[in-house]
Amino acid sequence: MTNAAGTAPIQTILDDFAFLDDWEDRYRYVIELGRTLEPLGDAERTAETKVNGCASQVWLVTEVTDGDDPVLSFRGDSDAHIVRGLIAILLALYSGRRANEILGISSTEIFDKLGLRDHLSSQRSNGLKAMVARIQRDAESATATALS
């Protein structure tokens, strides 16, 4: 079963991670999650969609519905397998949710539950923070546009 982003629901990812004891198996699972992402087309890999602050190439495309409390859907891609997996986890966490809901979600809590924050390099951790900051900014922007 997949969510609006085409990824496994976040609870499924949490459950699967808890089942895996070995970190090599967990890394393989993260990479496998990344393989479920539809690649972005060349036209979507622009300076506007590129996430700055990531050591790898990362692009996030945001689609926003109109309305008082808009829904944001995200698609993403990277040139690094593990980063694609991290994107898949972020999409499972954030995509298809209302802007106000996105602003209340703590990715730190989820990544702590997964134990990933302790097992990522500082560069990957910084890239993850940059991706979350971009998602949060897009949600703030969507909220501001809805209020104007």
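Student: Which word describes both arginine 134 and aspartate 138, buried or exposed?

Tutor: This is a predicted model, in which local features need pLDDT of at least 70 and side-chain atom pairs count only at pLDDT 80 or more, while totals for chains, interfaces and linings use all residues. Residues are numbered from 1 along each chain as its sequence is written, and side-chain values rest on heavy atoms, with hydrogens and water left out. If buried means under 20% relative accessible area, exposed over 50% and partly exposed in between (1.4 Å probe, protein chains only), then arginine 134 and aspartate 138 are both buried.

Student: How far apart, N to O, are the side chains of arginine 134 and aspartate 138 where they meet in a salt bridge?

Tutor: Helices here are DSSP runs of H or I with at least four residues, and strands are runs of E with at least two, numbered from the N terminus. Because arginine 134 and aspartate 138 are 4 residues apart in helix 6 (residues 122-147), about one helical turn separates them. Their side chains meet in a salt bridge (a side-chain nitrogen of Lys or Arg within 4 Å of a carboxyl oxygen of Asp or Glu), and the N to O distance is 3.4 Å.

Student: Which residues are joined into one network by salt bridges that share partners?

Tutor: The structure holds 10 salt bridges, and one of them links arginine 28 to aspartate 25, with the closest N and O atoms 2.5 Å apart. Both of these residues lie in helix 2 (residues 23-35), 3 residues apart, or about one turn of the helix. Through salt bridges with shared partners, the network joins Glu24, Asp25 and Arg28.

Student: What is the relative accessible area of lysine 113?

Tutor: Lysine 113 meets glutamate 109 in a salt bridge (3.8 Å, N to O), the two being 4 residues apart in helix 5 (residues 107-114). Glutamate 109 counts as partly exposed at 45% relative accessibility, whereas lysine 113 is exposed, with a relative accessible area of 56%.

Student: Which strands stand at the edges of the sheet?

Tutor: The open sheet has 3 strands in the order 1-2-3 with antiparallel pairing, where two strands pair if DSSP finds at least two bridges between them. Strand 2 (residues 71-78), for instance, is joined to strand 3 by 2 bridges. An edge strand has a single partner, so one side is left without a neighbour in the sheet, and this holds for strand 1 (58-64) and strand 3 (97-98).

Student: What angle does the direction of helix 3 make with that of strand 2?

Tutor: Helix 3 packs on the sheet, touching strand 1, strand 2 and strand 3, where contact means heavy atoms within 4.5 Å. Of its 14 residues, 13 are buried. Axes are lines fitted to C-alpha atoms, for helices over the stretch in contact, and angles run from 0 to 180 degrees between N-to-C directions; on that scale, helix 3 and strand 2 make about 175 degrees.

Student: Which residue has its backbone oxygen reached by the side chain of serine 78 at 2.8 Å?

Tutor: Serine 78 is found in strand 2 and counts as buried at 6% relative accessibility. A polar atom of its side chain lies 3.1 Å from the backbone nitrogen of alanine 80. The backbone oxygen reached by the serine 78 side chain at 2.8 Å belongs to glutamine 57.

Key. Polar contact = N/O pair within 3.5 Å; in protein donor to acceptor, adjacent residues only side chain to side chain.
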